[in-house]
Amino acid sequence: MPSVSERPVKRSIRRNELREIVPLADSTIYEMEQRGEFPRRFGLSPRCVVWDLAEVEACLESRRTRSIPRAKHPDVTQRKFRPVKGQGRAQALGMVGGGGSRVTGDLMRVKLR
């Protein structure tokens, strides 16, 4: 068994230091951990979680070397609120001739009461 002086020093970092290294929101880091795209945290105590610094640095290095596909643009025609006025959509909703959105009219009546 190797002596204490021969073991490689592993450094763990807490959330504050991770935020300085990785400019992502906590929720994004958590989702990436769940998908296996980011190193998993581990608990030192019931209220203290840490990440292995070497794993985080290796993850960042691998992200630098490969390209990440861009996210698809959302389909705005699927929105329930603030619908996009298109040629066919405006006619289908009965908004031809200057009629406003029914949702907006209902909201205005509610606000005025």
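These legends walk through several close-up views of a predicted model.

**View 1. The whole chain, element by element.** Before zooming in, let's get our bearings. The protein chain has five helices and three strands. Starting at the N terminus, the elements come in the order β-α-α-β-β-α-α-α. How much of the chain is buried? Buried residues account for 15% of the 113 residues. Now look at contacts between residues at least 6 apart in sequence: 39% of them join residues at least 24 apart.

**View 2. An open sheet made of three strands.** Here we zoom in on the strands, which line up as E1-E3-E2 with antiparallel pairing. Strand E1 (12–13) and strand E2 (42–45) sit at the edges, and each has a single partner strand, so one side of each has no neighbour in the sheet. As a bit of background, strands of a sheet pair through backbone hydrogen bonds, and they can do so parallel or antiparallel. E3 is mostly covered, with four of its five residues buried.

**View 3. Where E2 meets E3.** Follow the chain along E2 and you reach a hairpin, which joins E2 to E3 through two residues. Strand E3 covers residues 48–52, and three bridges join E2 to E3 in the antiparallel sense. Which residues face each other here? Ser45 stands opposite Cys48, Gly43 has Val49 as its bridge partner, and Phe42 stands opposite Val50.

**View 4. Where E1 meets E3.** Now for the other pairing of E3. E1 and E3 are antiparallel too, and two bridges link them. Which residue in E3 is the bridge partner of Ser12? That would be Asp52. There's a helix to spot in this view as well: H3 (residues 53–65) lies across E1 and E3, and runs at about 55 degrees to E3.

**View 5. One face of helix H2.** Helix H2 spans residues 26–35, and its buried residues are Ile29, Met32 and Glu33. Why do they line one face of the helix? Looking down the axis of H2, you'd find these buried residues within an arc of 105 degrees, so they share one face. What covers them? The cover includes helix H1 (15–21), E3 and H3. Just past the end of H2, take a look at Gly36, which has a positive phi of about 85 degrees.

**View 6. The largest nonpolar core.** This core has ten residues: Ile13, Leu18, Val22, Ile29, Met32, Phe38, Trp51, Leu53, Val56 and Cys59. H2 and H3 each supply at least two of the core residues. Which element gives the largest share? It's H3, with three residues. In general, nonpolar side chains tend to be buried together in soluble globular proteins.

**View 7. Val56 and its contacts.** Let's pick out one residue of that core, Val56. Which residues does Val56 touch, if we skip its neighbours within four places in sequence? The list is Leu18, Ile21, Val22, Phe38, Pro39 and Trp51.

**View 8. Ile21, a residue of helix H1.** Ile21 belongs to H1. Is Ile21 buried or partly exposed? Its relative accessibility is 33%, and buried means under 20%, so Ile21 counts as partly exposed. Leaving out residues up to four places away in sequence, Ile21 touches Ile13, Leu53, Val56 and Leu60. Try finding Glu57 as well: Ile21 and Glu57 are 36 residues apart in sequence, with 8.8 Å between their C-alpha atoms.

**View 9. Two buried cysteines.** Our last stop is Cys48 and Cys59. Why do they count as buried? Cys48 has a relative accessible area of 12% and Cys59 has a relative accessibility of 11%; buried means under 20%, so both make the cut. What about disulfides? The count of disulfides is zero, since a disulfide needs a pair of cysteine sulfur atoms within 2.5 Å.

Methods: Residues numbered from 1 in each chain as written. Predicted model: local features only at pLDDT ≥ 70, side-chain atom pairs only at ≥ 80, totals over all residues. Heavy atoms only, no water. Pairing = 2+ DSSP bridges. Contact = heavy atoms within 4.5 Å. Axes fitted to C-alpha atoms, helices over the stretch in contact; angles between N-to-C directions. Buried < 20%, exposed > 50% of the residue type's maximum accessible area, 1.4 Å probe, protein only. Arc of directions from axis to C-beta. Core = buried A, V, L, I, M, F, W, Y, C linked by side-chain atoms within 4.5 Å.
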